[in-house]
Amino acid sequence: MRAKTFRTWMQYLQSKDRLAVIDKNVSLQYEVAAVSKKLDGKKATYFTAVEGYSIPVVSGICSSREDFAEALETDQHGIIPKFTEAVASPTPCRLVDHTEAPVKENIILENINLMKMFPIPVHHEKDSGNYITAGLFIVRDPVTRKQNVSIHRLQVSGKDKLGALILPRHTFHLYKQAEEEGRALECAIVIGVDPVTLLASQASTPYGVDELEIAGSLRGEPLEVVRCETVDIDVPAFAEIVLEGKILPHVREPEGPFGEFPKYYGPRSNKEVVQITAVTHRNNPIFYTIVPAGYEHLLLGGIPREASLFQTIRQTVPSVKAVHMSPGGTCRYHAIVSIKKRNEGEAKNAIIAAFANSFDIKHVVVVDEEVDIFNMEEVEWAIATRFQAEKDLVLVHSSQGSKLDPSTEEGVGSKMGLDCTVPLNSEPMRYLKVYIPGYDEIKVDDYINSEATIKSVHSE
Ligand code: MN
C-alpha cells in the first residue's frame, strides 16, 4: 500500500518527483504557507529548516485529483465509486497495543507547550495567530462508543490550549450533550496520517458512523488504532503526532479571524476551548499543515461531497453520469453535473436534487454526458451554446446557503441552476459538435521532425 502511513506516502511522492525538499531557512510566519502555495497542485513541500524548530513541516501531500486517485490506488474516474462503496460498508478498526504503535514512542504528560514543541504556522495575513489546520479531531459517543472524526481549525490560544471552530454537526452534537450534563468532552487531535485516512475523515455520513472505519474500507484492511493515555479515544497507531485533551464545558474564548476555504476570513468570536492533557508522537515527528483554500484543502472537502451529491442525484435521476465540485466554486458552492437525459425535464430535477443535497450548493450546471465536466472550458462552452435563460434557468431565492459566502445575508441567499442539456427533440445536426476524423487516434509526435528546420524544407 503506497499510502499505508504518512511516511510511506512521502516516500512515494519523492519517488515520483512530487516532493520538494526545502532546506533553506524559512519562517513559520507566512513563509511556510507562501512557499507551499506556490507549489500548490504541483508538489508537496517538505521544510527541513523552519526557524527555531528541528521538526520538519510538510504541506500539500494530496493537492490534485491525480494524487488522491493514486493514494486510493485507482484512476480519477474510480475515486467517487470507491469512496461511495467505502462509506456504505465500513471496516472496524484493529486496536493494537503500545509496542505496535509508533505514535507512543514519546509520551509527554507535563509541561506541555505546543508552540515550543511543534512548528505550527501562521498562514494568512489577517489570521489571529498560529493554527493547526490538519488535525483529525476524534471524539466518542459515550453510549454507543462509536467515534466521530472531523477536522476543525484550531487556534493556539495558550501553551496548552486551543480555540476551536466546531460547526453544528456530529462533534458539536456530542459536545452539547456533554456540556448540558456539565461534562467536558474528551478528544484527540491527530496530525500526520496517510492521505486515505485524511480523506475518509471528510466523509458525509449519517450520525454514528466512524470515519476511521471508512478509512479501513478504503485501505482494504482495518486501520490500526491505539488507546490514548489520558482520554478514552483510539487514534491511528502510525500517526506522527497526537494531542489529547478535552473541550471544556461552559467556556468560550475569542478565536479568529482565520482565512477559510472560500478565500475570505471567518470572523473573530467566542468559541469552544480545548485543554490539552497529553502529547504523544513518533521519534523524529513530522508536522503537517494544510494551507487553507489551497487545492489540498478544497479537494479534501470536495471529493467526499461529490460522492454524497452523486448518490442524492441518482435517487432522482438514475442516468446521472458524474458530478464535479470545481475549485473555482470553492469545491462546495458550484456543482457541475452530467447526465444521459432520457426524459425532458430531468436536468431540472437534477438541479433540484443538488440543492437538496447540501445547503452549501449555490450554482448548479447540468450538461449532457459528452461534455467533460472536469474541463471548465468545455463547461463554459455548454453554458454559452446550450443554455437560454428564459427556459433553462432555475432560481430559488431566500434559501439557506453558506455563512462563509460574504454575498449572503447570514447565509441566506439565492440559488441558481442552469440546464445546459440539449433538447431531446432537436434536429440531429443542430447540436452536433464538430469533429475531425482521426483526431483522437493521432499521436502528434509521430508527425514532427525535430531535426528539420524551415530552411531545410523551404528554401527561397
Ligand atoms: Mn461524522
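This briefing describes the domains, their interface, and selected strands and backbone features of one protein structure. The model is predicted. Its domain assignment gives domain 1, residues 64-281, and domain 2, residues 296-423. The two domains bury about 1,900 Å² between them, and 1 salt bridge is counted across their boundary.

**Domain arrangement and interface**

- The centres of domain 1 and domain 2, taken over C-alpha atoms, are separated by 30 Å.
- Contact between the domains involves 18 residues of domain 1 and 21 residues of domain 2.
- The size of an interface is often expressed as the accessible area lost when the parts come together.
- For domain 1 and domain 2 this buried area is about 1,900 Å², with 76% of it on carbon and sulfur atoms.
- Three residues, Arg65, Ile80 and Phe261, provide 38% of the area that domain 1 buries against domain 2, more than any other three residues.

**Polar links across the interface**

- The count of salt bridges between domain 1 and domain 2 is 1.
- A salt bridge joins the side chains of Arg65 and Glu306, with an N to O distance of 2.7 Å.
- Arg65 belongs to domain 1 and Glu306 to domain 2, according to the domain bounds.
- Across the same interface, 1 residue pair is found in polar contact, with both residues at pLDDT 80 or more.

**The side of domain 1 that touches domain 2**

- Helix H3 (65-71), helix H4 (79-88) and helix H7 (195-200) each contribute at least two residues to this side of domain 1.
- H4 gives the largest share, with 4 residues.
- Classified by residue type, this side of domain 1 has 10 nonpolar, 5 polar and 3 charged residues.

**Strand pairing around E10**

- Strand E9 (residues 154-158) pairs with strand E10 (residues 161-164) in the antiparallel sense, over 4 bridges.
- The connection from E9 to E10 is a hairpin through 2 residues.
- Within this pairing, Val156 has Leu162 of E10 as its bridge partner.
- E10 also pairs in the antiparallel sense with strand E17 (residues 269-281), again over 4 bridges.
- In that second pairing, Gly163 stands opposite Val273 of E17.

**An open sheet of four strands**

- An open sheet with mixed pairing contains 4 strands in the order E1-E2-E3-E18.
- Its edge strands are strand E1 (19-22) and strand E18 (287-288), each of which pairs on one side only.
- Strand E3 (residues 57-59) and E18 pair in the parallel sense over 2 bridges.
- Val58 stands opposite Tyr288, a residue of E18.

**Backbone features at and beside strand E14**

- Most residues other than glycine have a negative phi, and most peptide bonds are trans.
- His250 has a phi near 55°, a positive value in a residue other than glycine.
- The position of His250 is within strand E14.
- The peptide bond from Gly256 to Pro257 is cis, and its omega is near 0°.
- Pro257 is placed in the loop between strand E14 (241-255) and strand E15 (258-259).

Key
Residues numbered from 1 in each chain as written. Predicted model: local features only at pLDDT ≥ 70, side-chain atom pairs only at ≥ 80, totals over all residues. Heavy atoms only, no water. Domains from an automatic or database assignment. Contact = heavy atoms within 4.5 Å. Buried area = accessible area lost by both parts, 1.4 Å probe. Salt bridge = Lys/Arg side-chain N within 4 Å of Asp/Glu carboxyl O. Polar contact = N/O pair within 3.5 Å; in protein donor to acceptor, adjacent residues only side chain to side chain. Nonpolar A, V, L, I, M, F, W, Y, C, P; charged D, E, K, R; others polar. Pairing = 2+ DSSP bridges.
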